[in-house]
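Colleague: Before I plan any work around this protein, could you take me through its model with some care?

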Amino acid sequence: MRVTTEDSQWLVPPGRALLLPPGVVHAVHSPKETRLRAVLVAPQMCRDFLPACRIIALTTLLQELIDAVARCPADYPVPSPASRMVAVLLDQIALAHSEPLGVPRPSDTRLRRVTDALMASPADGRSLSEWQDVAGASSRTLARLFEVETGMSFSHYRRQVQIQAAVGMLASGLPVGEVAHALGYSTASAFAFAFRKTLGSPPGRFRDQVE
């Protein structure tokens with residue numbers, strides 16, 4: 001499932017959740033067969049894990065708590081077994097491990113031309129100097145804008161876009177070698193190194209966990 005906000009794009013693979021602060025306008029794109037559960041939390045109850053958007057890994061406990069809370073009436077009394085279960089759920093969300101599956105969307109229109117093109121085609125291997133004509137800005141200006149608007153260098157940003165795309169491909173069951181080739185990596189080992197550097201586990205293990 002892909003979620004787009006004004007300033008970021010997030011990929012939510014199976015077994016993960018996206019925390020969205022109150023009032024954040026967003027668009028959701030997902031395959032028809034996707035099943036999801038949304039948990040709506042009152043703003044005054046989610047200060048411990050917001051305001052920033054983030055992807056979290058869902059432990060077995062978190063998944064069971066979400067399913068259990070979903071069966072509770074919306075107007076549960078306080079205190080009650082339901083209110084105590086909600087309190088545990090919120091504690092677990094606040095403690096959940098974050099995963100770097102978000103990519104910033106810059107506000108500068110020149111830089112946005114480059115980043116939108118990369119998101120549409122993550123395998124695009126053009127150097128920053130080759131993007132000058134597309135962006136309408138010099139490579140030096142683009143390099144500075146990447147640091148200022150995304151907090152990343154151009155190469156780091158492109159790698160984040162590629163890893164995000166890779167997560168979607170792996171979640172759909174594609175072999176590691178096929179994913180590496182589709183994203184323009186010269187070898188599967190080079191892709192595996194970049195994937196592990198970003199997410200902390202090899203792509204094959206990630207795919208197995210998703211399955």
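What follows is a set of questions and answers on the chain as a whole, a sheet, a helix and some side chains.

Colleague: How many helices and strands does the secondary structure of the chain come to?
Modeller: Please keep in mind that this is a predicted model. Its C-alpha atoms fill a box of roughly 60 × 35 × 30 Å along the principal axes, and 42% of the 211 residues count as buried. Among contacts with a separation of 6 or more, 65% join residues 24 or more positions apart. The secondary structure comes to 9 helices and 7 strands.

Colleague: Which strands stand at the edges of the open sheet, each with a single partner strand?
Modeller: The open sheet has 3 strands in the order β3-β5-β6, with antiparallel pairing. Each edge strand has a single partner, so one side of each is left without a neighbour in the sheet. The strands at the edges are therefore β3 (16-19) and β6 (98-99).

Colleague: Over how many bridges do β5 and β6 pair?
Modeller: On one side, β3 and β5 (residues 54-57) pair in the antiparallel sense over 4 bridges, with Arg-16 opposite Ala-57 and Leu-18 bridged to Ile-55. On the β6 side, Ile-56 has Ser-98 as its bridge partner. The pairing of β5 with β6, also antiparallel, runs over 2 bridges.

Colleague: Which residues of β3 are buried on the side of Ala-17?
Modeller: In a regular strand, side chains alternate between the two faces of the sheet. In β3 both faces are covered, with Arg-16 and Leu-18 buried on one side. On the other side, the buried residues are Ala-17 and Leu-19.

Colleague: Is Thr-4 buried or exposed?
Modeller: Thr-4 is found in strand β1 (residues 2-5). Beyond its neighbours within four places in sequence, Thr-4 is in contact with Gln-9, Val-25, His-26, Ala-27, His-29 and Arg-105. Because its relative accessibility is 17%, and the cut-off for this class is under 20%, Thr-4 counts as buried.

Colleague: How far apart are the end C-alpha atoms of helix α3?
Modeller: Helix α3 (residues 109-120) has 12 residues, which at 1.5 Å a residue should span 16 Å. The distance in the model agrees with that expectation, since the end C-alpha atoms are apart by 16 Å.

Colleague: What arc do the buried residues of α3 cover around the axis?
Modeller: The buried residues of α3 are Leu-111, Arg-112, Val-114, Thr-115, Leu-118 and Met-119. They lie on the same side of α3, because the arc they cover around the axis is only 160°.

Colleague: Which residues are exposed on the other side of α3?
Modeller: The buried residues of α3 are covered by elements that include β2 (8-11), β7 (102-104), α4 (132-135), α5 (139-150) and α6 (154-171). On the other side of the helix, the exposed residues are Thr-109 and Ala-120.

Colleague: Which residue lies over the face of Trp-131?
Modeller: Turning to the aromatic rings, the structure holds 5 aromatic pairs, and ring pairs link Tyr-185, Phe-191, Phe-195 and Phe-206 into a cluster. Trp-131 has a charged partner over its face. At 3.8 Å from the ring centre, that partner is Arg-126.

Methods
Residues are numbered from 1 along each chain as its sequence is written. This is a predicted model: local features need pLDDT of at least 70, side-chain atom pairs count only at pLDDT 80 or more; totals for chains, interfaces and linings use all residues. Side-chain values use heavy atoms; hydrogens and water are left out. Two strands pair if DSSP finds at least two bridges between them. Rings of Phe, Tyr and Trp (its six-membered ring) pair if their centres lie within 6.5 Å; planes under 30 degrees apart count as stacked, over 60 as edge-to-face and the rest as tilted. A charge sits over a ring if NZ of Lys or CZ of Arg is within 6 Å of the ring centre and within 35 degrees of the ring normal. The expected span of a helix is 1.5 Å times one less than its number of residues. Buried means under 20% relative accessible area, exposed over 50%, partly exposed in between (1.4 Å probe, protein chains only). The arc is that of the directions from the helix axis to the C-beta atoms. Contact means heavy atoms within 4.5 Å.
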